[in-house]
Structure formats: C-alpha cells, structure tokens
Amino acid sequence: MKKYLITGCAGFIGSNFVYYMLNKHEDIQLVNLDKLTYAGNLENLKGAEGDARHIFVQGDICDRELVQGLFAEYDFDCVINFAAESHVDRSITNPEIFVATNVMGTVNLLQCAKDAWLQNGQWAPGKKYLQVSTDEVYGSLGAEGYFTEATPLCPHSPYSSSKASADFFVMAYHDTYGLPVNITRCSNNYGPYQFPEKLIPLMINNAKQHKSLPVYGDGMNVRDWLYVEDHCKAIDMVAEAGRDGEVYNVGGHNERPNIFIVETILAQLHERLADEAIGENLIRHVADRLGHDRRYGIDPAKIRRELGWYPETSFEVGIVKTIDWYLAHEDWMENVTSGNYQKYYDEMYKNK
Ligand code: NAD
Ligand code: TDX
C-alpha cells in the first residue's frame, strides 16, 4: 500500500485531489495535514468521511515535531505539498505569512523527508517529494510565446516570489543531498470548492446577488484556465512516474482574457436563473492589481510527451460544471462567506 503525506488538502485543489485519489486508487493511505486557515474547510472533505484510507490531521507544515511524528508513524512513500497561502491580492497586503508558510513550511517538509528517508548515507528506495507549484513563478508573458520548463524564474508578486523561492529549495535538496523530487507548475485552476476570493467563484457569488463585478484594469489580462480534476490527474501521474529531479508544466492551452470569463459567467447565470438583473451592467472596471502580470500561457508538451497527460475537460464543459456546482451548493458559499469574508472583501475592494 502506497502511503502519502498530502498537505493543504482541505483547500480547493487539495480536496479535489483527495476525491480524485480515493476514486482512482484502491490501496492507498492519504494522511492530510492542513492548518485549516480561512481557505481550509472540513466541509470540503465531507465526501471522504468514514473512508479509512483518508486520515485528517489539523496542523501546520512549519511544525517540525508534528511532521517528524507523522513520518515516524506512517513511513510515507510520497509527500505532496499543496499547503500554501495562495491568493496574490492577500500577498500584496500581507507578504510575511507567505514567507512563513510557502518558504519556511516547504523547507520544514523537505528537512523532515530527508531525515526520514536518508539513513546511514543511503536513500530509502521508492520515495518522492512532489512540490505543487505554479506558472506564476515564470513571471509574465507578452502577446507571444509560452512558459516551458526552461523559462527562467522571474516572479513579480510576493506570492509568486514565495513559490519560486520554495521551488529553489526543492531543487537545492535534490542537488545537494539527492532528495528524490518533482515540481509541477500549473496554470489557473477552476472548479468546485474554490474559495470566493478567486476570480471565478467571486464573480459567480457577486452576480447571483446582483453585486458589482470588480474587473481589475482593462480586463484584458490573460490567464490559462485548467479544470481542477485535470490538474489532479497530472499530479497523480507525476507522483507515479515523473523522472527524478524534473519539473513538469501543466496546462491545457486555454487562454482567456479576464473580461471574457466574466462575460461568460454573466451569460450563463442570466440564462440559467432567468434573471434579467444579471447582465453586463454589473461589470465595474476598478483600479488594477499592483504589479499585475499581463499574460500566462503554459506549454504542456513535456508532460504530454513523457507521461501521456492531456486535459479531459474543455473550458466550455468545465465552466458549466463549475457554475452547476456553485448553484447546487449555496449553503457552502454561505458558510464560507459568513464571518471574516465580508471584512476581507470590504477591506480589499474599498479603494478600488
Ligand atoms: P487554497 O488557498 O484553496 O488552499 C490552501 C490550503 O492550505 C488550505 O486548506 C489551508 O488551510 C492550507 N494551509 C495554509 N497554510 C498552511 C500551513 N501553514 N500548514 C498546513 N496547511 C496550510 O489553495 P489552492 O488553490 O487549493 O492551491 C493549492 C496549491 O496549488 C498551492 O500550493 C498553490 O500555490 C498551488 N497552485 C494553485 C493554483 C490555482 O489556480 N489555485 C494553480 C497552480 C498552483
Ligand atoms: O476581483 C478580481 N478581479 C479581477 O479582475 C479578482 C479576484 C481577480 N481579477 C483578475 C486578476 C487576475 O488577472 O483575474 C485574474 C485571476 O485572478 P485570481 O483568481 O486572483 O488568480 P491569479 O492571480 O491569476 O492566481 C491564481 O492562479 C495561479 C491562483 O490564485 C494562484 O494560487 C495560482 O498559483
């Protein structure tokens, strides 16, 4: 039985990963370490309740003693680090926590993996540390070209700087000590359980309530969208078969300007809810994000060629599935937007 330490899997991508893995593999053990920050939510894991293959542990990836204890108890074969502070806007107002979790937390996991897997100068066989990273570490593209694995790292935001820094530490543990590692760098994800600070769920939530839709700048910044399940499939494949020390970019060639995404959501909700008040008049162009990257675009040729990965859900299908999910889970949205969310929203958008 393969034993995984998965971190940050009460969040958006991680909870989808838990379901993906439990559906795909019978004989696995997933130990899910999550601090349950504002972005982590046990409700996201309800569908795994009662499944003995999934064990939830509340805790911080920076906690040396806790992580060491988990290694001693479970003898993990694979660590997959999803845990992170993940929102660019929050990193602009409060960068320090991004260093603590994304950089220090990653180094703590690397050190614990090394301590557990390197015994008497010998690496235990069949082990792997996989870092879930992002295309944002490459910086911003002009109108042409794509990010490949050879593109130099050039992060701009505090968030992407912290993720790039973590990536450098992962490679340092590989190059210096021989820790078996992979890094995945995926483009923007969308789908169920995404916290409504991110573009797609925020716009769905606001439109449903006839609130204005804050589009940063001219709305022509381009993101490369991938349905979350396709990202989960890529991570599973890299964990299984990625070549030691390699980086894999993950993306489905689905670039769209932000304004197109917002208009698509409006058109869908207008039709599905038969609500005349949901229309483009709700769009409000607001002050741009500081240091806003203009365009991301992933070249996924390497993961396709080496591991046979390809995206299964087109944007047209994925966005409808996503809107369906949010319409069917109004309670979820209400729960995550009660409490501190309104305070966050008012603070973040008041000067825009
Ligand atoms: P998220 O913000 O939805 O979830 C993050 C999870 O990590 C939460 O459950 C939170 O409680 C947990 N966490 C935060 N700090 C922690 C700590 N110190 N110790 C333990 N747990 C902690 O994020 P997401 O969108 O699911 O992203 C998951 C990972 O994927 C991140 O590493 C992110 O950088 C990366 N990524 C995200 C995207 C995207 O589009 N969302 C794209 C590429 C890569
Ligand atoms: O209110 C908004 N208005 C707006 O115009 C918000 C929240 C966003 N935007 C724009 C900014 C971006 O160009 O939409 C685009 C997408 O924004 P986010 O959803 O915040 O995502 P992004 O900044 O692109 O980063 C995401 O993708 C890469 C994730 O948050 C990261 O964790 C991941 O690494």
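This passage describes the overall fold of a predicted model and the surroundings of ligand 2. Residues are numbered from 1 along each chain as its sequence is written, and chains are lettered from A and ligands numbered from 1 in the order in which they are written. Local features need pLDDT of at least 70, side-chain atom pairs count only at pLDDT 80 or more, and totals for chains, interfaces and linings use all residues, while side-chain values use heavy atoms, with hydrogens and water left out.

The secondary structure of the chain consists of 12 helices and 14 strands (DSSP runs, H or I of at least four residues and E of at least two, numbered from the N terminus). Of its 352 residues, 56% are buried (under 20% relative accessible area, 1.4 Å probe, protein chains only). Among contacts (heavy atoms within 4.5 Å) with a separation of 6 or more, 82% join residues 24 or more positions apart.

The shell around ligand 2 holds 20 residues (a heavy atom within 4 Å), of which Glu136, Tyr159, Arg289, His292 and Tyr349 come nearest. Polar contacts (pairs of N or O atoms within 3.5 Å) link oxygen atoms of ligand 2 to side-chain atoms of Glu136 at 2.6 Å, of Thr134 at 2.8 Å and of Asn258 at 2.9 Å. The protein covers 94% of the 640 Å² of accessible area (Shrake-Rupley method, 1.4 Å probe) that ligand 2 has on its own. Helix 6 (199-208) and strand 10 (213-216) each give two or more residues to this shell, and the largest share, 3 residues, comes from strand 10.

Terms used
Polar contact = N/O pair within 3.5 Å; in protein donor to acceptor, adjacent residues only side chain to side chain. Buried < 20%, exposed > 50% of the residue type's maximum accessible area, 1.4 Å probe, protein only.
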